[in-house]
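Here are a few short exercises to try with the model open. Have a go at each task before you read its solution.

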Amino acid sequence: EQADPVHVNVLFFFSSSLQVIKVYNEDNTSRAVEVPTDITARDICQLFVMKNHCIDDHSWTLFEQLSHPGIERTIEDHESVMEVLSGWGMDTESRLYFRKNYAKYEFFNKPLDFFPDHMVSLSSETNGIMNHSQLIQTFLNSSTCPEIHGHLHAKEQGRKSWKKFYFVLRRSGLYFSNKGTSKERKVICEFCLINPLLSLHDDPPLQSTKHGSPRDLKLLCADDEQTRTCWVTAMRLFKYGLQLYQNFIQPHQKQKTSPMRSISENSLVAMDFSGHKSRVIENPSEALSVAVEEGLSWRRKSCHRLSSHGSPSTSQSPMSNIALHMAQPWFHSKLSRDEAHRLITQQGLIDGVFLLRDSQSNPKTFVLSLCHTQRIKHFQILPVDDEGDLFYSLDDGHTRFTDLIQLVEFYQLNRGVLPCKLKHHCARITL
């Protein structure tokens with residue numbers, strides 16, 4: 001989990017049941033793999049996870065980027081990759097991207113964050129009540145008919161101007177009307193959503209919600225990220241319904257049925273050997289606290305060994321600090337503010353997605369970039385010198401940490417001065 005999102009280009013030569021794909025990353029290194037013609041997007045992700053020895057947290061995702069309209073969409077886990085590629089043509093420069101997408105199924109966990117009240121109308125069967133469970137059920141149950149409604153800007157292929165319309169998404173399709181009129185027209189062609197309107201010509205994040213020929217795409221633009229996310233999520237649910245829920249629960253079902261996993265987990269018992277007699281730690285919170293303290297104690301011993309003087313010391317040399325955080329998957333070294341914003345946006349605008357990077361304005365400091373309420377905020381990590389000992393702090397020295405790893409682990413367990421805990425680090429893949 002250390003380099004750039006990879007590009008997957010297809011070489012158009014086949015055997016009877018296998019196809020060769022060549023995988024590129026940003027420095028033009030590549031890897032060719034053979035895959036069966038019936039392979040799904042999830043299968044591709046599993047293949048690259050194993051080959052690159054990644055931690056499989058079920059967030060790895062395949063994206064399709066269409067070169068001609070310059071848009072990108074998530075390929076659903078169950079979709080046939082070869083069917084997607086068949087719509088590209090022989091001379092296409094379209095690509096597949098492999099990277100994390102923490103927001104892929106987050107709407108099943110926090111649906112109310114994805115569907116604002118003013119954009120959703122529920123059917124009479126639900127009596128207008130919208131809570132955590134009922135909201136998703138209205139999309140998955142064919143007998144209920146939720147509606148998503150609001151203003152979007154529409155643009156047709158070959159035209160430069162955008163027009164604002166009032167759109168309504170029903171199970172029967174997407175409809176729009178001019179402002180102030182009740183007459184509705186149905187959108188027949190495929191569509192994609194762009195966000196936001198103001199950065200349309202500044203490399204905006206693009207996402208196609210349906211697969212089809214670029215000529216068939218109807219371009220729609222939202223005014224803000226929350227609006228775009230609501231429309232995209234609703235379109236995915238209307239198109240795939242229960243299949244998306246199956247994609248969401250499938251990895252968790254495999255974990256429960258895996259005998260190797262259950263045996264391994266049941267054989268791990270937290271023990272306390274600090275007293276005259278050993279004891280089993282039954283309280284999960286206490287077990288977690290002991291595990292964290294053991295990790296910090298081990299790292300302090302490692303710092304002593306890394307000391308330039310070769311003797312135990314509570315202070316750390318600059319080299320030991322570099323050795324500790326440079327190899328961490330959440331640290332992205334010389335990453336600019338805009339690049340950090342783009343990377344977090346690509347990997348999912350949900351609470352707790354984060355990365356650490358060098359500060360461009362102050363070489364001696366670091367920056368924590370964190371997503372909260374679909375907005376990315378940046379927090380400066382300042383070095384604190386206390387009688388020759390170097391610490392790091394996010395709150396002007398009130399809470400101090402001996403290294404960046406200790407800082408990250410603390411804020412993964414405690415919110416502290418941050419708007420939310422650190423949950424998902426931005427990761428990159430190198431081949």
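**Exercise 1: one helix and its cover**

Work out which strands are among what covers the buried residues of H11.

Solution. The cover includes strands S6 (95-100), S17 (353-358), S18 (366-372), S19 (375-386) and S21 (424-425); contact here means heavy atoms within 4.5 Å. Helices (H or I, at least four residues) and strands (E, at least two) are DSSP runs, numbered from the N terminus. Bear in mind that this is a predicted model, where local features need pLDDT of at least 70, side-chain atom pairs count only at pLDDT 80 or more, and totals for chains, interfaces and linings use all residues. Residues are numbered from 1 along each chain as its sequence is written, and side-chain values use heavy atoms, leaving out hydrogens and water.

Next, pick out what gets covered: Ala340, Leu343, Ile344 and Gln347 are the buried residues of H11 (residues 337-347), buried being under 20% relative accessible area with a 1.4 Å probe, protein chains only. They span an arc of only 95 degrees around the axis, so they sit on the same side of H11; the arc is taken from the directions from the helix axis to the C-beta atoms.

**Exercise 2: the sheet**

Find the strand order of the open five-stranded sheet, and say which strands stand at its edges.

Solution. Reading across, you get S20-S19-S18-S17-S21, with mixed pairing; two strands pair if DSSP finds at least two bridges between them. S20 (389-393) and S21 are the edge strands, each with a single partner, so one side of each has no neighbour in the sheet. Now zoom in: S17 and S18 pair antiparallel over five bridges, and Phe354 has Leu370 in S18 as its bridge partner.

Key: Buried < 20%, exposed > 50% of the residue type's maximum accessible area, 1.4 Å probe, protein only.
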